[in-house]
Amino acid sequence: MHKIGILSDTHNLLRPSVADILRTCDIILHAGDLHTRKIFDELSAIAPVYAVRGNADKEWAAFLPQSLSIELFGVRIFMIHDKKQIREDMHDKDLIICGHSHKYEQRTTNRQIWLNPGSCGHRRFSLPVTMAVLTVPQTGKFQIAQMHPDTDPSASQTLIPNKDMKQIVLCVMQQTDKGKSVTEIAGHCKISGELAEQICRLYVTHPGVTADGILGKMGL
């Protein structure tokens, strides 16, 4: 039996509980937004890593492909960070893996499994911390299990009531339009730098998005 650890959107955080799960796996697949080379190196010290480049992976990640087609233990896999960027024909794939949304999703379409392992990096508001493990038996069909690594409170983002979030998002949008830095925005809007960066990134990378649209993308 073979096991493959599947994760995405770690954003410069490898939780000890995630590493413990990955140590039981033969191979690691990462669907992008590692954020730093440090995370790639830490994962590589656990098991062989196949990763694609996410929108938050900058110059350091030039060696990572935008998408990857690979066969592992007889399973034909395609992986990309954002499924909206898929241009290839998927008819011959058994498993299509993507990330980006931070939301776990698993569905079967035309005998293919589409999987988003969610995020097991920094907790984003009400979204759970998730990843997946693919098990390939010697005989029979492969199986995918959703995993919920134990969360470290120090790595979790402070939860903010939904009724207050729209005002925060509007504040960040206004300060971004003024050309302020993330640090300045965080101070002005009285939020963490991580939260300011997340809202700024969604605002900048989705032209024309509204505050409600940003809240929707954040799972609120």
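**Does Thr130 count as buried or exposed?**

Step 1. Begin with the kind of model: this is a predicted one, in which local features need pLDDT of at least 70 and side-chain atom pairs count only at pLDDT 80 or more, while totals for chains, interfaces and linings use all residues. Residues are numbered from 1 along each chain as its sequence is written, and side-chain values use heavy atoms, without hydrogens and water.

Step 2. Apply the cut-offs: buried is under 20% relative accessible area, exposed is over 50%, and partly exposed lies in between (1.4 Å probe, protein chains only).

Step 3. Thr130 has a relative accessibility of 1%, so Thr130 counts as buried.

Step 4. Locate Thr130: this residue sits in the loop between β8 and β9. Strands (E, at least two residues) and helices (H or I, at least four) are DSSP runs, numbered from the N terminus.

Step 5. List the contacts (heavy atoms within 4.5 Å). With neighbours within four places in sequence left aside, Thr130 touches Tyr104, Pro117, Gly118, Ser119, Cys120, Gln146, Met147, His148 and Pro149.

Step 6. Take one of these partners, Gln146: its C-alpha atom is 6.9 Å from that of Thr130, although the two are 16 residues apart along the chain.

**Where is Gln85 found, and what is its relative accessible area?**

Step 1. The loop between β5 and β6 holds Gln85.

Step 2. The relative accessible area of Gln85 is 43%, so this residue is partly exposed.

Step 3. For a distance, use Gln66: 19 residues separate Gln66 from Gln85 along the chain, and their C-alpha atoms lie 9.4 Å apart.

**Why is strand β5 largely enclosed by the rest of the structure, and which strands pair with β5?**

Step 1. Count the buried residues: β5 covers residues 75–80, and five of its six residues are buried, which means that the strand is largely enclosed.

Step 2. Look for pairing, which requires that DSSP finds at least two bridges between two strands. β4 (residues 67–72) is antiparallel to β5, with six bridges between them. Within this pair, Ile70 has Ile77 of β5 as its bridge partner.

Step 3. Examine the turn: two residues separate β4 from β5 in a hairpin, and Phe73 in that turn has a positive phi of about 55 degrees.

Step 4. Turn to the parallel partner: β6 (residues 95–97) is joined to β5 by three bridges. Here Ile96 in β6 stands opposite Phe78.

**How many residues lie between β7 and β8 in their hairpin?**

Step 1. Establish the pairing: β7 and β8 run antiparallel and are joined by six bridges. Thr108 has Ile113 in β8 as its bridge partner.

Step 2. Read off the turn: the hairpin has two residues between its strands, and Asn110 in the turn shows a positive phi of about 50 degrees.

**In what order do the strands of the five-stranded open sheet lie?**

Step 1. The order is β3-β2-β1-β9-β10, with mixed pairing.

Step 2. Find the edges: β3 (49–51) and β10 (143–147) each have a single partner strand, so one side of each has no neighbour in the sheet.

Step 3. Follow β10 to its partner: β9 (residues 131–136) pairs with β10 in the antiparallel sense over five bridges. Ile144 in β10 stands opposite Leu134.

**Which residues line the largest cavity, and how much space lies in the largest pocket?**

Step 1. Fix the terms, on a 1 Å grid over the protein atoms alone: in a cavity a 1.4 Å probe fits but cannot get out; a pocket is an open set of points with protein on both sides within 12 Å along at least five of seven lines; lining residues have an atom within 4 Å of a point. Points are joined across faces, edges and corners, and a volume is the space filled by probe spheres set on them.

Step 2. There are two cavities of 30 Å³ or more, and the largest contains about 40 Å³.

Step 3. Its lining consists of Lys83, Cys98, Glu105, Arg107, Trp114, Leu115 and Asn116. β7 (104–109) and β8 (112–117) each supply at least two of the lining residues, and β8 gives the most, with three.

Step 4. The largest pocket holds about 340 Å³. It has 17 lining residues, of which Asp82, Lys84, Gly99, His100 and Ser101 are the closest to its centre. At least two lining residues come from each of β7, α5 (193–205) and α6 (211–217).
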